[in-house]
Every structure is written in C-alpha cells, then in structure tokens.
Amino acid sequence: MARSRAHIAWFFALFALPFGAHAQTLAPYRIVGDGIPVSLTGSPGDAERGRALVLDRTSTCILCHSGPFPETRFQGDLAPGLAGAGSRWNESQLRLRLVDAAHFNPATIMPSYYRADGLARVGTNWRGKPILSALQIEDIVAYLATLRE
C-alpha cells in the first residue's frame, strides 16, 4: 500500500510540474497607474530562477526579445531588447507588462502571461489558464529589474 501511494505521489509530482500555472487560481491584483505595485505572491521573486525562465524557450521571452545573454543563440528581434529593462521600468511596471501587456497596447503580439479572461486568439489548451504562475511572474520581474545599463 505504501509503495502504491509513493508511485501515485511521484506520478502527480511528475505531471504537475509542467502544468503548474494551469492548475492554479489567479492571485488577485490591483493596477495602480502604470503598474501592479504589490507582488502576486506576497514576496519577491528569485532573479536566478527568473533568468532561467527568460532563457527557456517555452516561456517564449527569448523568442521575441534579445538581451545580455551571450551564451544564447538565436535571440528574438520582434520586440524591444531586454538589456536595461530594469533602468526603463520599475518592478511595478515590469509586473504589469508581464501580467497583461495588452493593457498598454491592445494590438501587441506579447502574450498576457497572467490573464485568463477576455483574450482573443487563444489556443484550445490554454483557454481559461495563465501561461505563467504568479511565482514565475515574480521571478522574471526580479531578474528583469537587475538588467540596468
């Protein structure tokens, strides 16, 4: 019996990891001016994890943006470079740009990474689900805030 439970726990842990953002309820947030001043998780993100997420092609950042990542080939050129992002925007502003880029430009090609409602052209597998979790958003915000020129 204990062995069966261990296998079941392992199975759920294995398959829950890639779908973490999908199973969660969105944390409430409030837009103030041009940003979201309060962390979605209640604590700061981890810049090291954020850098890994930015470079992970599944999060899609590096597909459109380039940045100070000499080890990464084939960086995007469809969107502004990320170098100096922490000088251009504060954490509140960065957070809103990740949560809902369409807030600033309804015609943007940048996905709203932490919205699940009122979106157009959403693939069937993503309907009603955020692309990133609140923790992932905070990690990326923490990393982008370190990119100063």
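In helix 7, the buried residues are Ala134, Ile137, Glu138, Asp139, Ile140, Val141, Ala142, Tyr143 and Leu144. The model described here is predicted. Helix 7 is mostly covered, with nine of its 11 residues buried. These buried residues pack against four named elements: helix 3, helix 4, helix 5 (85–88) and helix 6.

The largest nonpolar core was examined next. This core has 26 residues. Those with the most contacts inside it are Val54, Phe69, Leu98, Tyr114, Ile137, Ile140 and Leu144. Two or more residues come from each of helix 3 (47–55), helix 4 (61–64), helix 6 and helix 7. Helix 7 gives the most, with six residues. In soluble globular proteins, nonpolar side chains tend to be buried together.

Leu144 illustrates the packing of helix 7. Leu144 is buried and is among the residues with the most contacts inside the core. Neighbours within four places in sequence aside, Leu144 is in contact with Val54, Leu82, Ala85, Gly86, Leu94 and Leu98. Val54 and Leu98 are themselves among the residues with the most contacts inside the core.

Attention then turned to the loop between helix 6 (91–99) and helix 7 (134–144), where Ser112 lies. Ser112 counts as buried because its relative accessibility is 10%, below the 20% cut-off. The side chain of Ser112 is joined to that of Asp100 by a polar contact of 2.8 Å. Asp100 also appears in the list of residues that Ser112 touches, once residues up to four places away in sequence are left out. The others in that list are Leu98, Val99, Ala101, Ala102, Leu119 and Ile131. Leu98 thus recurs: Ser112 touches Leu98, and Leu144 is in contact with Leu98.

The cysteines were considered last. The structure holds zero disulfides. Cys61 is in no disulfide, and the nearest cysteine sulfur, that of Cys64, is 8.9 Å away. For Cys64, likewise in no disulfide, the nearest cysteine sulfur is that of Cys61, 8.9 Å away. A disulfide needs the two sulfur atoms within 2.5 Å, so this pair does not qualify. Cys61 counts as buried, at 7% relative accessibility. Cys64, at 23% relative accessibility, counts as partly exposed.

Methods:
Residues are numbered from 1 along each chain as its sequence is written. This is a predicted model: local features need pLDDT of at least 70, side-chain atom pairs count only at pLDDT 80 or more; totals for chains, interfaces and linings use all residues. Side-chain values use heavy atoms; hydrogens and water are left out. Buried means under 20% relative accessible area, exposed over 50%, partly exposed in between (1.4 Å probe, protein chains only). A polar contact is a pair of N or O atoms within 3.5 Å; within protein, one must be able to donate a hydrogen and the other to accept it, and residues adjacent in sequence count only if both atoms are side-chain atoms. Contact means heavy atoms within 4.5 Å. A nonpolar core is a set of buried Ala, Val, Leu, Ile, Met, Phe, Trp, Tyr and Cys residues joined through side-chain atoms within 4.5 Å.
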